[in-house]
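Work through the following exercises with the sequence and the model side by side. Try each task before reading its solution.

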Amino acid sequence: QGYEGLVGGGENIRQANWLSVSNIIQLGGTVIGSARCKAFTTRAGRLRAARNLVEHGITNLCVIGGDGSLTGADIFRSEWGGLLEELVRDGQISKEVAQENCRLNIVGLVGSIDNDFCGTDMTIGTDSALHRIMEVIDAITTTAQSHQRTFVLEVMGRHCGYLALVSGLASGADWLFIPESPPEDGWEDLMCERLGE
């Protein structure tokens, strides 16, 4: 469950083995879960997370997420030494254990269907999101044609219109709204005229 699992510890932290990762490659989303973790935004929460990692001898993290996850990872990295010192001071770990775990290595991977991160061609999740969108469009296109109806499809992407733009191009959509290019005044009449054609 992401940082929630780090803070909660216990059964949330367990070793992946052949049986636990077999037959999952075709699944969308994530089998390890994802959660917004309010506790990790506090130093006390990050202290619990550090304690749980040290308890398992984990000093390497691979963080897959968006802005919040990667910002949290950077804060956690910068505080790591201080968190270990606090755990030693509170008697939760020994100086030797702190020394053995003195370095936290983090690899950050952008996991965001929005595909809005500078410096990468495509973020993790974008391609599978586009495939799902196209499957839905393919499924409703025959219904739209047979009923001679117009369908409106809304896709995710928050402030980024990448998914809408690419799926609109791939499906031959008649009209498209994206946040980067808001419609001009009078768009309603122009859209009706286009659909009428």
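**Exercise 1: A glutamate in a helix**

Decide whether Glu86 is buried or exposed, and list its contacts.

Step 1. Glu86 has a relative accessibility of 18%, and therefore counts as buried, where buried means under 20% relative accessible area, exposed over 50% and partly exposed in between, computed with a 1.4 Å probe on protein chains only.

Step 2. Glu86 belongs to helix 4, residues 67-89; helices are DSSP runs of H or I with at least four residues, strands are runs of E with at least two, and both are numbered from the N terminus.

Step 3. Once neighbours within four places in sequence are set aside, Glu86 is in contact with Arg43 and Leu47, contact being defined as heavy atoms within 4.5 Å.

**Background: Reading the model**

This is a predicted model, in which local features need pLDDT of at least 70 and side-chain atom pairs count only at pLDDT 80 or more, while totals for chains, interfaces and linings use all residues. Residues are numbered from 1 along each chain as its sequence is written, and side-chain values use heavy atoms, with hydrogens and water left out.

**Exercise 2: Confidence**

Find where in the protein the confidence is lowest and where it is highest.

Step 1. The measure to use is pLDDT, the predictor's confidence in each residue, from 0 to 100; its mean for the protein is 92, and 99% of the residues reach 70 or more.

Step 2. Confidence is lowest in helix 2 (residues 18-21), with a mean of 88, and highest in helix 3 (residues 43-55), at 97.

**Exercise 3: A salt-bridge network**

Work out which residues are joined into one network by salt bridges that share partners.

Step 1. A salt bridge requires a side-chain nitrogen of Lys or Arg within 4 Å of a carboxyl oxygen of Asp or Glu, and by this rule there are six salt bridges.

Step 2. Glu86 forms a salt bridge with Arg43, with the closest N and O atoms 3.2 Å apart; this pair links Glu86 in helix 4 to Arg43 in helix 3, 43 residues apart.

Step 3. Arg43 also meets the side chain of Glu79 in a salt bridge (3.8 Å, N to O), and because Glu79 lies in helix 4 and Arg43 in helix 3, the pair ties together parts that are 36 residues apart in sequence.

Step 4. Glu79 forms a salt bridge with Arg46 as well, at 2.6 Å between the closest N and O atoms, so that Arg43, Arg46, Glu79 and Glu86 are joined into one network by shared partners.

Step 5. As for burial, both Glu79 and Arg46 are buried, whereas Arg43, at 33% relative accessibility, counts as partly exposed.

**Exercise 4: Aromatic pairs**

Explain why the pair of Phe40 and Phe76 ties together separate parts of the sequence.

Step 1. Rings of Phe, Tyr and Trp (its six-membered ring) pair if their centres lie within 6.5 Å, and planes under 30 degrees apart count as stacked, over 60 as edge-to-face and the rest as tilted; the whole structure holds five aromatic pairs.

Step 2. Phe40 and Phe76 are an edge-to-face pair, 5.2 Å centre to centre with 65° between the planes.

Step 3. Phe40 lies in the loop between helix 2 and helix 3 and Phe76 in helix 4, so the pair ties together parts that are 36 residues apart in sequence.

Step 4. To complete the picture, Tyr3, Phe40, Phe76 and Trp80 form one aromatic cluster.
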